[in-house]
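Have a look at the model below and keep it open while you read. We'll start with how chains sit relative to one another, then work inward to strands, helices and a core.

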Protein chains: 10
Amino acid sequence: MLKKIPPILSPELLYTIAQMGHGDELVIADANFPAVTNAKRLVRADGHSVPAILEAVLQLFPLDSYVDHPAAVMRRVDKPGEPAPIWDEYQRILDSAEGRHIAIEQVERFAFYERAKTTFGVVATGEGALYGNIIIKKGVIPPK
Amino acid sequence: MLKKIPPILSPELLYTIAQMGHGDELVIADANFPAVTNAKRLVRADGHSVPAILEAVLQLFPLDSYVDHPAAVMRRVDKPGEPAPIWDEYQRILDSAEGRHIAIEQVERFAFYERAKTTFGVVATGEGALYGNIIIKKGVIPPK
Amino acid sequence: MLKKIPPILSPELLYTIAQMGHGDELVIADANFPAVTNAKRLVRADGHSVPAILEAVLQLFPLDSYVDHPAAVMRRVDKPGEPAPIWDEYQRILDSAEGRHIAIEQVERFAFYERAKTTFGVVATGEGALYGNIIIKKGVIPPK
Amino acid sequence: MLKKIPPILSPELLYTIAQMGHGDELVIADANFPAVTNAKRLVRADGHSVPAILEAVLQLFPLDSYVDHPAAVMRRVDKPGEPAPIWDEYQRILDSAEGRHIAIEQVERFAFYERAKTTFGVVATGEGALYGNIIIKKGVIPPK
Amino acid sequence: MLKKIPPILSPELLYTIAQMGHGDELVIADANFPAVTNAKRLVRADGHSVPAILEAVLQLFPLDSYVDHPAAVMRRVDKPGEPAPIWDEYQRILDSAEGRHIAIEQVERFAFYERAKTTFGVVATGEGALYGNIIIKKGVIPPK
Amino acid sequence: MLKKIPPILSPELLYTIAQMGHGDELVIADANFPAVTNAKRLVRADGHSVPAILEAVLQLFPLDSYVDHPAAVMRRVDKPGEPAPIWDEYQRILDSAEGRHIAIEQVERFAFYERAKTTFGVVATGEGALYGNIIIKKGVIPPK
Amino acid sequence: MLKKIPPILSPELLYTIAQMGHGDELVIADANFPAVTNAKRLVRADGHSVPAILEAVLQLFPLDSYVDHPAAVMRRVDKPGEPAPIWDEYQRILDSAEGRHIAIEQVERFAFYERAKTTFGVVATGEGALYGNIIIKKGVIPPK
Amino acid sequence: MLKKIPPILSPELLYTIAQMGHGDELVIADANFPAVTNAKRLVRADGHSVPAILEAVLQLFPLDSYVDHPAAVMRRVDKPGEPAPIWDEYQRILDSAEGRHIAIEQVERFAFYERAKTTFGVVATGEGALYGNIIIKKGVIPPK
Amino acid sequence: MLKKIPPILSPELLYTIAQMGHGDELVIADANFPAVTNAKRLVRADGHSVPAILEAVLQLFPLDSYVDHPAAVMRRVDKPGEPAPIWDEYQRILDSAEGRHIAIEQVERFAFYERAKTTFGVVATGEGALYGNIIIKKGVIPPK
Amino acid sequence: MLKKIPPILSPELLYTIAQMGHGDELVIADANFPAVTNAKRLVRADGHSVPAILEAVLQLFPLDSYVDHPAAVMRRVDKPGEPAPIWDEYQRILDSAEGRHIAIEQVERFAFYERAKTTFGVVATGEGALYGNIIIKKGVIPPK
């Protein structure tokens, strides 16, 4: 436990995001995501929801302003054109953390797996909602 | 030993299936299968039959409902069109565990080896029956 | 994720308790506990309360019936004779899991640290309550 | 799988007993034994009975003829003077493997744990019978 | 780099202090300290002063309020009764971080080495001042 | 040392062949073979002849009956059409172990190296005879 | 600490540059560079500026005189034709260390990442200036 | 294989004796010796006799001339006063290698095990003779 | 130190050349060679000249008689047609060790680096002469 | 190779002395010293003399001025009161490096071994002279 750091962030998760740089991506995965298979680095957060982890991470983690979509979700297999119910909450958390509207990309299921393998790491949560995975891309902290 | 967990599941096997996600596959291999050669992760269950392991695993492991064949066996080399005697028992265990008919794919011997290498892991049993290998694909646990 | 297993139990925690035997002890530690220093094996469960972890573990984990106190808490430093408010909840969870009254031992702070070092492992939770640590001792699963 | 080797012996168990020398001891432990805690080397044989493992091991493993008791069991806590029902079977397997009467020592529970820590290794079986643990001591293969 | 985290804290140092609990100690060592010899865990911060590291660490790290001296320095060998010039700055940083007066213990050189070996870790700085080492003891973050 | 196991087989060699399955291959290499370079797994048997190792291995190791050539030697560079003197002895050992004539393939030197890299492992003997390397392919142990 | 060695060089950084040979390259990266992702070997120097590290390294490290550009920076994304303000200082340090004019190459951002992956290692500094990364190529120390 | 080096010496055995210095001891153990249990470093030489290994080692390994007994064997348990038949051969090899009479110490069985644990390493041979173990102590190579 | 072994050969270098087989190559590299970058296995011999190491290695290491060029040097970049001064000494050492004329191949600088990566290992010497690198290819020790 | 660093210092030796602090000791051992047995950290410098290594190390390594004897040698076993011939050279190198007379302690052979085990590390040279071992103790680099 540290002052100023949300206690839901384990030392391993804190260490992981501290090591990331401009353009590195992090997957916050739902409970059904094949996380061990698709992660270069794995941080477990079983039993937690994706919004709880996302909100805590974004207190410390700047989003990339060099790209159009600094966040991405997995396109639904059942209804490819429609949003999953939980995405509204993600949108709200992203926008609020950055103080601007964040455009979210949708990525087809197997393309999402391939992209996950190239990211810096995967946080395996206990999120029960289907299509609950999200990728966030780290930005720059400008010089003072 | 734990309450509610079939004692034939070793801590390593339990850990392995707990780490798997949607779409990850597990090989339950017979005693002649080249398991060490073809396994990304290996769990030993020497001396046990495939049906005993399969039945125990399926008490905890949901099969994938997104694909046509959530299970696969190795096609016979001697009589490519015919089933191996032990497959009847596999069919019964699969159907009973899921409460529906499970269609089983047949995969040619060397293609089976290649696919085994891409699975999450291999359980090496002592099953003496020829063509006793089976692959199962993990499904989703829906939100409550 | 597995059927029948509480999703708050990470694969690592499941693996840990599955490996334990008769008389082995587990510490479920609060957020201020020096867990890394005092653990032979460490499982992180940051952000969760001790009661949530305790209740999930006890669904699978039998308590020892060979000893007088199959559970222990850390004696308060400030008011050595008085219970911490959270212990009531522990008592309720223990009694309910075993279906009998479980007597809980109180252990002085530094003696508790020494005992923690001899246990099988420590689960590091995010429990904010002071004196929130608990040790549980594993029992036997009788032959059928 | 190898010719002449009982298939219940995993490669790891075979490797373990092949490495042992005169006077080295092996614990074949029941399902409730705290095996991970008390083993210098651990070989898992979940789901198997102690008699099945013992009989297979003794096909390859000579008992020590330099000592009075080349085997030992854990003295009962409940009825310290009485044998556990399963010991009869152990006696029969030991005598038959060596072709002579093998005297079995009884060791108090916590002394048994301490001795287990000094042995070459522990085989963790799924034996459900209480007091089902046995220690065997390796003998010499005389020159031809 | 993360928002809100002083950039002088490397990911390894951040990870180290996040893992510490109540009563764990950290050495921030000067450039001549035999850090590798006396550290259970070592974090390098070559080229930085102790005050710069101390001030950054204390933004996140609470001091222990259960003990009389939550900080300690190495007693001078040359003038055992006198303070080293740099200690004034340490006193100011400690008091300011905690908002109260922090009493600092003086520890004889070889006793300091022995104590360093029992701490959670050592940060090896480039501090050129003699007697520049300091030990800080972690406190509790109270429940909200 | 174990009963029934030829003492020339080290625990490591025994472990290696016990792990192999149907179709896996083993190289028993002569003293000049670049074994470290071309082995996925290496077992040393310095100072022994290839025939001594081959004869011992084949007491436990069934040859593959699914292929035309369950054994292979390195084609001579100096006289590509002629057998090396030691092959007669290999033929006798192979035939005697299986109780049938075993056809031996000849493989060009550099193709032999490439194939060696794909085998399960290499046993590095002290065989002084040139062209003394042999590959054997493991067969199936049929159900009883 | 050693005599003659700038104290800002950690033992790890010293070890790294001592192992490099003719033509090997080193990245000295700014605080936003994705160093962990793109480094074969990583040395942390958090909290230091690139000029401070560069100047210290070049006291020991000869630049390559066999190539046109023994140094390279990352081309600006915002103003591809213009220099970043900090490059002036790099030019001065390079020229002064070698006693001749050093021509600096500009490399497009993603090409820079790919090249970083092929270098000997990356030093992760705390440099806040954008486009603060620099690659240096090691030269030969001529025979005396 | 190397010129001038007896081929029975594996690279591992050669490496082991090359690392030893004045006063370091080596056990050359018979097939029944509990080598894995009592060895700080283990080199396997299964299937070889102790005299064959001893003779090869002593071509490269000088015996210690600072002590009365640069060699030791295990005192017989059955006939404590009598030599084992194989010791004659050891005496001849030792005397011949050094060109002087080498006095051999006899060490009680369990004291021999304890001493083995303090030696540099153990060579596990296939020597079938009982009481076939020998310890040799390395000497100095004098300056030229 | 061992009898008959040149003391300049470290245990690691001795172990390396003992493990090599027919056709395996060794690079003896000069002080400016990028050895860590281009070595599958690295043995350090800082402070020694290439001729000293080469002469010692060739006392034990046979050169390959199956190829036209069992040795290779790096072609000069400055004067591609001319020999480097130190090659005369290499020629003399090679010829003298084998008792016949050894033809030496010249390999272009970057091709030399690529070939180095495929060799068994690299010995990093302190040779100051430019173009001082040499590759030697191991031959066969014929049966007696 | 680096500018200003004596090339006889390998990267490993440089790394070792850079990590040492005030009071840490280094053994520079002769060729007969049992270095592997008595070293916490081992750096090989086979083939070099102790004076060559000592002189190079002392260019970077300050001796301790807090103790009476910042250097120690092994007392002769043959003539306990007399110096070994090589010590004169050590005295000259030590005095010249520090610019003052350095008093050298003599330590009995087995006490020397025990002390060696407590030092930071051992450099194993090829020094042929008997009683050629020396221990040096690191001092402080004072603030500028």
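**A walk through the chains**

Chain A and chain F share no contact, and their closest C-alpha atoms lie 24 Å apart; contact here means heavy atoms within 4.5 Å. Chain C and chain F have no contact either, with closest C-alpha atoms 25 Å apart. Before going on, a word on the ground rules: this is a predicted model, where local features need pLDDT of at least 70 and side-chain atom pairs count only at pLDDT 80 or more, while totals for chains, interfaces and linings use all residues. Residues are numbered from 1 along each chain as its sequence is written, chains are lettered from A and ligands numbered from 1 in the order in which they are written, and side-chain values use heavy atoms, leaving out hydrogens and water.

Now for chains A and E. A turn of 180 degrees, with a shift of 0.0 Å along the axis, lays chain A on chain E with an RMSD of 0.0 Å (superposed by least squares on the C-alpha atoms of residues with pLDDT of at least 70 in both). That is how a two-fold axis relates copies. Which residue of chain A comes closest to the rotation axis? That's Y15(A), whose C-alpha is 2.7 Å away from the axis. As for the interface, 100% of the interface residues of chain A are also interface residues in chain E, so the copies meet through the same surface.

Chains A and E also turn up in the largest nonpolar core, which has 103 residues. Such a core is a set of buried Ala, Val, Leu, Ile, Met, Phe, Trp, Tyr and Cys residues joined through side-chain atoms within 4.5 Å, and buried means under 20% relative accessible area with a 1.4 Å probe, protein chains only. The residues with the most contacts inside this core are I134(A), I136(A), I134(E) and I136(E). Its largest share, six residues, comes from helix α3 (residues 50-58) of chain A; helices (H or I, at least four residues) and strands (E, at least two) are DSSP runs numbered from the N terminus. Leaving aside residues up to four places away in sequence, I134(E) touches, among others, L26(E), V50(E), Y90(E) and F112(E).

Over in chain F, strand β1 (residues 25-29) has five of its five residues buried. On one side these are E25(F), V27(F) and A29(F), and on the other L26(F) and I28(F). In a regular strand, side chains alternate between the two faces of the sheet. Four bridges join β1(F) to the antiparallel strand β6 (residues 134-137) of chain F, and another pairing, parallel and over four bridges, links β1(F) with strand β5 (residues 121-125) of chain F. Strands pair if DSSP finds at least two bridges between them. I28(F) has bridge partners in both: I134(F) in β6(F) and V123(F) in β5(F).

Chain C offers a parallel pair, with four bridges between strand β3 (residues 71-74) and strand β4 (residues 104-107). From β3(C) the chain crosses through helix α4 (residues 87-98) of chain C to β4(C), a right-handed β-α-β crossover: with the strands pointing away from the viewer, the path from the first strand over the helix to the second runs clockwise.

Also in chain C, N38(C) belongs to helix α2 (residues 35-38). Is N38(C) buried or exposed? It's buried, with a relative accessible area of 3%. A polar atom of the N38(C) side chain lies 3.0 Å from the backbone oxygen of P34(C).

Notes:
Buried means under 20% relative accessible area, exposed over 50%, partly exposed in between (1.4 Å probe, protein chains only). A polar contact is a pair of N or O atoms within 3.5 Å; within protein, one must be able to donate a hydrogen and the other to accept it, and residues adjacent in sequence count only if both atoms are side-chain atoms.
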